[in-house]
Amino acid sequence: MTRDIVVEAKNLEKSFAKVYANKNISFKLKKGNIYALLGENGAGKSTLMNMLSGIYRPDSGHIYIHGKKTQLRSPKDAIKNGIGMIHQHFKLVDNLSAMENIILGHEKSFFLNRKHLISELKDFIVKFSLDIDVEKKVSQMSVSEKQSLEILKVLYRGADIMILDEPTAVLTPQEVRHLFKILKKLQDDGCTIIIITHKLQEILEISDEVLIMRKGEMVADVVTENTSEKELTDLMVGESVDLKIERANVEKGSKILEIKNLIIYDEENVKKIKEISFDLHAGEILGIAGLAGSGQKELCEAINGLQNISQGSIVYEGENIVGMSPRKISEKGIALSFVPEDRLGMGLVSSMSMIDNMILKNYYKQPGFFLRRRDASEKSKKLIDKLRIVTPDEKHPVRQLSGGNIQKILLGRELDSQPHLLIVAYPTRGLDISSSHLIYDLINEQKRKGIGTIYVGEDLDVLMEISDRIMVVCDGENTGIVDAKTTTKEELGFMMAGKKLEEIRAASKN
């Protein structure tokens, strides 16, 4: 083993219930390189990184850290060997300060010299441009600050090998650029970095090498500067894939939805929606962009009758639907497909099969005392084929399926109800490229039928390609509505950070 190899895996294997998640995986990581780990849903990326970070133990094979065969029995063993993992959903305690989160659970934290600790942390902050107030509470931090805190936490614990899981999922373009500057400084300092992501443009921008997995195996290791988005996708999927996201060319129809001066408070009397106004036409896709927690959830639920509305109107096809029940709104042809972080927290019953979840949508419409399951069974089989849902059969409990397949079932059920207005939030969250393109095609199919769609998304590139117009929300406010064909990621990013569209365009003229 050469001196600059910091991690080497030899013939790693891991299985669950006789199903291989990882099979005969070998790779080497060099000091100071940034690696992207790419693969479809179910390719085994998370299992592999969980073995490297001490969460899982391999069934066979070996891991060498700095040339020494090492057994990583726990995350504590991993951090002792210089490996730190930064999860997509941060492991932070909201009501504690940044400094308290850093020392929490750390073996040296029983007696600490506060001044010395602050001095140590500030050295890291200045060196890597981390932009953190160590005495600020996590609950008061932005997503970008929380991510910087997670990086500072693993640096303080001595990590020189970092694993980042979907690190740019909820960042603005400006925050992504800042993160990449941090990663480059870490790289210059000798850190080895692994990024798990589906965003090919970012892979090409930040990484030195790309490790590609397919069906539990490592199928390629390519030098980033010698590859392309097309080649990476083809290697990942195992066949040639068309990466283009189509914007269906449909003539905009009549106005079907108009929202005026909408105000919503949460249970703690905090204003979540602040006088938002917009409209939607038949055959139009209105994209909604914004950082997580900016009011997207409340807005979607309000249209579907799941939120109490303090002020304003929601006029659907000429009728104000404020105060109507979700069932009555659904009967008018409004379908809500919301995919939150907890995929089973809304819309599906985890212990039930796909058939039973299909029945739940319209069970009350069936005459008599006995539910007819045959129709739901046939619909389920058709959706399994059409959406390529991976399940033993339509009778299998949905909780035992992957998150991506659960999303397909939820969206497929809503589309099956043949809505006039479709609301989809994060429909491709966590999905691989081929599954995501399948969803985009389904949404465009609805557009061609003249259905109006509200598409809440995280990926600005996708929003700009699939939407007709994009509305940006920040802290419950509408900061601007733009033409998706002519806007830029930078313009959207500024609006996501709270600047009004008029201010941005006025500043650009000066």
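**Sheet, helix and loop features of the predicted model**

Helix α9 (residues 296–303) lies across β11, β12 and β14 and runs at about 125° to β11. Here, axes are lines fitted to C-alpha atoms, for helices over the stretch in contact, and angles run from 0 to 180 degrees between N-to-C directions; contact denotes heavy atoms within 4.5 Å. Helices (H or I, at least four residues) and strands (E, at least two) are DSSP runs, numbered from the N terminus. The model is predicted, so that local features need pLDDT of at least 70 and side-chain atom pairs count only at pLDDT 80 or more, whereas totals for chains, interfaces and linings use all residues. Residues are numbered from 1 along each chain as its sequence is written, and side-chain values use heavy atoms, with hydrogens and water left out.

The strands crossed by α9 include β11 and β12, which belong to an open sheet of four strands with antiparallel pairing and the order β12-β11-β14-β15. The edges are formed by β12 (271–281) and β15 (319–320), each of which has a single partner strand, so one side of each is left without a neighbour in the sheet. Two strands are taken to pair if DSSP finds at least two bridges between them. Strands β11 (residues 255–265) and β14 (residues 311–316) run antiparallel and are joined by five bridges. Within this pairing, L257 has Y316 of β14 as its bridge partner. In general, strands of a sheet pair through backbone hydrogen bonds, either parallel or antiparallel.

Helix α12 (residues 374–386) comprises 13 residues, for which a rise of 1.5 Å a residue predicts a span of 18 Å; the end C-alpha atoms are 18 Å apart, in agreement with this value. The expected span is 1.5 Å times one less than the number of residues. The buried residues of α12 (under 20% relative accessible area, 1.4 Å probe, protein chains only) are A376, S377, S380, L383 and I384. These residues cover an arc of only 125° around the axis, which places them on the same side of α12; the arc is that of the directions from the helix axis to the C-beta atoms. On the other side of α12, R374, K382 and D385 are exposed, a term that denotes over 50% relative accessible area, with partly exposed residues in between. The helix is followed by R388, whose phi is positive, near 55°.

Positive phi values also occur in the loop between α4 (114–128) and α5 (143–156), where S129 is located. Although S129 is not a glycine, its phi is about 55°. S129 is partly exposed, with a relative accessible area of 27%. D131 lies in the loop between α4 and α5 and has a positive phi near 55°. D131 is exposed, its relative accessible area being 54%.
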